[in-house]
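Work through the following exercises with the sequence and the coordinates open beside you. Each task is followed by a solution that goes step by step.

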Amino acid sequence: VRIEEGQPIGGIYGAQYLGLDDDGNWMHADLDTVMGFNPVNDRTYIGNGLPQYQLGINNTFTYKNFDFNFFIRGVFGHDLVNTNRLYYESPVNISELNGLASAQENRDAKQFAVFSDRYVEDASFVKLDNATLGYNFNMPDNSYFSKIRVYISGQNLATFTNYTGVDPEVRFVDDPDGDGFGDALAPGIERRSTYLTSRSFTFGLNVGF
């Protein structure tokens, strides 16, 4: 990530990937047109880790004795560096590690992966963060209880995205060590230490006296 006067914060900086040549080697854009591609000199802005738009929708519906509440959240316009692809698609690692299927096209390239826009992905997403379905029982006049409601609630129910990494959430801070002291000027990097998000369900009972 590069911070430069006149450029927006969060700019992801790297090479432009052009595909494979006939020998199966990577090709990258020679931006300065000096003696072919150089991984240091031929870099440009290839993405941004900060989102352009965010939205949230929260609503509750009731029908007879049923109630249904949900929260949908969307984040759009941010990119993420998919470091899992950068590492596991590297040809030199295929013989030793469980390489990704997308790495097979690079099998003949005897080199480490060059960081490029090949590994920078649009991470826009829409998530169904939570939803709750409840049922309220009709209580007779002589009941000890004024209300009895049962419900089921779910968290992290669905994610809709084209991002191929672990989690498309915005990385506002880069914290490679996971110690809470990350760099707020380097957003947009999904580290290989990212843990899978979990889906959970809760069954509950509300009783009123």
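A salt bridge is here a side-chain nitrogen of Lys or Arg within 4 Å of a carboxyl oxygen of Asp or Glu. The model is a predicted one, in which local features need pLDDT of at least 70 and side-chain atom pairs count only at pLDDT 80 or more, whereas totals for chains, interfaces and linings use all residues. Residues are numbered from 1 along each chain as its sequence is written, and side-chain values use heavy atoms, with hydrogens and water left out.

**Exercise 1. Overall dimensions**

Task: Determine what radius of gyration the chain has, and set this value against that of a compact globule of 209 residues.

Solution. Start with the reference rule, which is 2.2 Å times the number of residues to the power 0.38, the radius of gyration being taken over C-alpha atoms. For 209 residues a compact globule would come out near 17 Å, but the chain has 24 Å. Next, take the principal axes, along which the C-alpha trace spans about 90 × 45 × 35 Å. Then turn to the accessible surface (Shrake-Rupley method, 1.4 Å probe, with only the protein chains shown counting as cover for residues), which comes to about 12,900 Å², with 53% of this belonging to carbon and sulfur atoms. Finally, with buried meaning under 20% relative accessible area, exposed over 50% and partly exposed in between, buried residues make up 34% of the 209 residues.

**Exercise 2. Elements and strand pairing**

Task: List the secondary structure elements in order, and find which strands are the edges of the open sheet of 3 strands.

Solution. Helices (H or I, at least four residues) and strands (E, at least two) are DSSP runs numbered from the N terminus, and the chain has 2 helices and 12 strands. Read from the N terminus, their succession is β-β-β-β-β-β-β-α-α-β-β-β-β-β. For the pairing, two strands count as paired if DSSP finds at least two bridges between them. The open sheet then has the order β8-β7-β11 with mixed pairing, and its edge strands are β8 and β11, each of which pairs on one side only. Strand β7 (residues 79–82) runs parallel to β11 over 2 bridges, and N82 has E190 of β11 as its bridge partner. Elsewhere, β2 (residues 17–20) and β3 (residues 26–28) pair in the antiparallel sense over 3 bridges, with Y17 facing its bridge partner H28 in β3. These two strands form a hairpin with 5 residues between them, and G24 in the turn has a positive phi of about 80°.

**Exercise 3. Salt bridges**

Task: Establish how many salt bridges the structure holds, and locate the partners of E89, D167 and R171.

Solution. The total is 11 salt bridges. Begin with E89 and R118, whose closest N and O atoms are 3.1 Å apart. This pair links distant parts of the chain, since E89 is in the loop between α1 (83–88) and α2 (91–94) and R118 in the loop between α2 and β8 (120–122), 29 residues apart. E89 counts as buried at 0% relative accessibility, and R118 is buried as well, at 12%. Continue with D167, which forms a salt bridge with K127 at a closest N to O distance of 3.2 Å. Because D167 lies in the loop between β10 (147–161) and β11 (189–190) while K127 is in strand β9, the pair ties together parts that are 40 residues apart in sequence. Both D167 and K127 are buried. The third pair, R171 and E190, meets at 3.0 Å from N to O; R171 is in the loop between β10 and β11 and E190 in strand β11, 19 residues apart. R171 counts as buried at 14% relative accessibility, and E190 at 0%. Lastly, salt bridges that share partners join R73, K127, D129, D167 and E169 into one network.

**Exercise 4. The surroundings of I72**

Task: Classify I72 as buried, partly exposed or exposed, and name the residues that I72 touches.

Solution. I72 lies in strand β6 and, at 26% relative accessibility, counts as partly exposed. Taking contact to mean heavy atoms within 4.5 Å, and leaving aside residues up to four places away in sequence, I72 touches L55, G56, I57, V126, K127 and L128. The C-alpha atoms of I72 and I57 are separated by 5.1 Å, although the two residues are 15 residues apart along the chain.

Note on methods: Buried < 20%, exposed > 50% of the residue type's maximum accessible area, 1.4 Å probe, protein only.
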